[in-house]
Amino acid sequence: MNSPLPHPPNVIARPKRLITQNRAMKSIGVWNWTLPAWAGRFPDGRTYNTCPSAGICSSVCYARHGTYSWPQVLAKHQANLRFVLDDLTSWEHTMVTELGAARLRRAWVRIHDSGDFFSDAYTLAWLRVARAHPDVTFYAYTKEVSRFRALVEPAPPENLLWVYSYGGTQDSTLDAERDRVADVFPDEAAIREAGWHSQEANDLLAVLGPRLVGVPANRIPHLLKRLNGRTFRSWQAEVDAERRARATRHGHLRLLPDGRARSAASQSGTRSPGERHDQAA
């Protein structure tokens with residue numbers, strides 16, 4: 001009896017176009033490149049995370065709701081990501097070639113209306129793409145602060161602009177006195193009250209307007225409820241403080257062989273005020 005033939009390889013068609021326009025970008029004459037938002041799973045079972053430094057933003061991300069979640073839209077965004085992951089060299093060549101089209105001459109391109117610079121190799125590929133097309137201006141929001149500090153800030157292409165956005169796990173490394181930063185606010189009134197500057201009229205204000213960029217929250221009721229009148233920056237700060245407090249509490253307790261817990265101070269031979277040697281914390 002003949003052995004069964006192996007299953008044919010899982011061949012995925014590559015996107016016909018990499019640079020497209022969603023409704024919001026088309027209204028201001030900007031093109032965009034899109035990845036699926038945050039974490040997910042491909043049909044072949046592989047998992048991914050395009051926003052490794054996402055914090056609280058992942059729970060209220062506009063790109064995980066609405067049209068972005070429609071099966072045909074998500075499939076297109078996943079196809080983009082698969083191209084990057086499976087053959088970064090070919091993706092870069094294809095991107096450079098496509099950006100040479102007449103329709104994109106002297107264009108503005110937003111890198112990621114969903115997703116982020118998820119790896120060093122991918123970020124460096126974008127830097128080469130930008131340098132290959134000095135006639136195109138690229139811009140991006142990013143929460144990958146340390147990656148940009150190391151790979152981009154030392155010698156950025158002149159045609160690449162970016163704004164660091166709050167709501168990620170690297171918020172504490174941002175300096176609002178020096179960095180161009182964006183924060184999501186409950187509404188326009190909150191932006192004005194804080195003395196920041198809204199980009200609502202045109203997304204390009206995020207990189208062309210004043211340095212403190214205010215973004216009004218998407219008017220999705222259940223997401224606004226979760227935001228609860230906070231900004232992304234303040235909400236992330238709350239979460240970070242809670243995590244530090246938990247880590248401190250756990251860090252000062254050690255489980256002894258007999259199952260009792262004792263403070264780190266007592267284990268080191270010093271006693272905290274009022275603590276006896278046989279006291280369980």
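How are helix 2 and helix 3 oriented to each other? The close-ups below start with that pair, in what is a predicted model.

**View 1. Helix 2 and helix 3 are oblique to each other.** Helix 2 spans residues 71-86 and helix 3 spans residues 88-98. Their axes come within 5 Å and cross at roughly 120°, and angles between 115 and 145 degrees count as oblique. On the helix 2 side, the contact is made by Phe83, Val84 and Asp86. Helix 3 meets them with Leu88, Ser90, Trp91 and Thr94.

**View 2. Seven strands form an open, parallel sheet.** Reading across, the strand order is 1-4-5-6-7-9-8. Strand 1 (30-33) and strand 8 (197-198) stand at the edges. Each has a single partner strand, so one side of each is left without a neighbour in the sheet.

**View 3. Strand 5 and strand 6 pair in the parallel sense.** Here you can follow residues 137-142 of strand 5 alongside residues 160-165 of strand 6, joined over five bridges. To find your place, look for Tyr139, whose bridge partner in strand 6 is Leu161.

**View 4. Helix 4 lies across four strands of the sheet.** The helix covers residues 120-132 and lies across strand 1, strand 4 (108-111), strand 5 and strand 6. Relative to strand 5, helix 4 runs at about 155°.

**View 5. The largest nonpolar core holds 43 residues.** The members that touch the most others are Trp33, Trp91, Met95, Tyr122, Trp126 and Phe138. Helix 4 gives this core its largest share, six residues. A second, separate core has 24 residues, including Met25, Cys57, Tyr141 and Ala206.

**View 6. A closer look at the surroundings of Phe138.** Leaving aside neighbours within four places in sequence, Phe138 is in contact with Leu99, Val109, Ile111, Trp126, Val129, Ala130, His133, Asn159, Leu160 and Leu161. Trp126, one of these contacts, is also listed with Phe138 among the core residues that touch the most other members.

**View 7. Cysteines without a disulfide.** The count of disulfides comes to zero, with a disulfide taken as a pair of cysteine sulfur atoms within 2.5 Å. For Cys51, the closest cysteine sulfur is in Cys61, 6.6 Å away and therefore too far for a bond. For Cys61, the closest cysteine sulfur is in Cys57, at 6.6 Å, which is likewise too far for a bond. Cys51 counts as buried, at 14% relative accessibility.

Definitions and conventions: Residues numbered from 1 in each chain as written. Predicted model: local features only at pLDDT ≥ 70, side-chain atom pairs only at ≥ 80, totals over all residues. Heavy atoms only, no water. Pairing = 2+ DSSP bridges. Helix = DSSP H or I, 4+ residues; strand = E, 2+ residues; numbered from the N terminus. Contact = heavy atoms within 4.5 Å. Axes fitted to C-alpha atoms, helices over the stretch in contact; angles between N-to-C directions. Buried < 20%, exposed > 50% of the residue type's maximum accessible area, 1.4 Å probe, protein only. Core = buried A, V, L, I, M, F, W, Y, C linked by side-chain atoms within 4.5 Å. Parallel < 35°, antiparallel > 145°, perpendicular 65-115°, else oblique.
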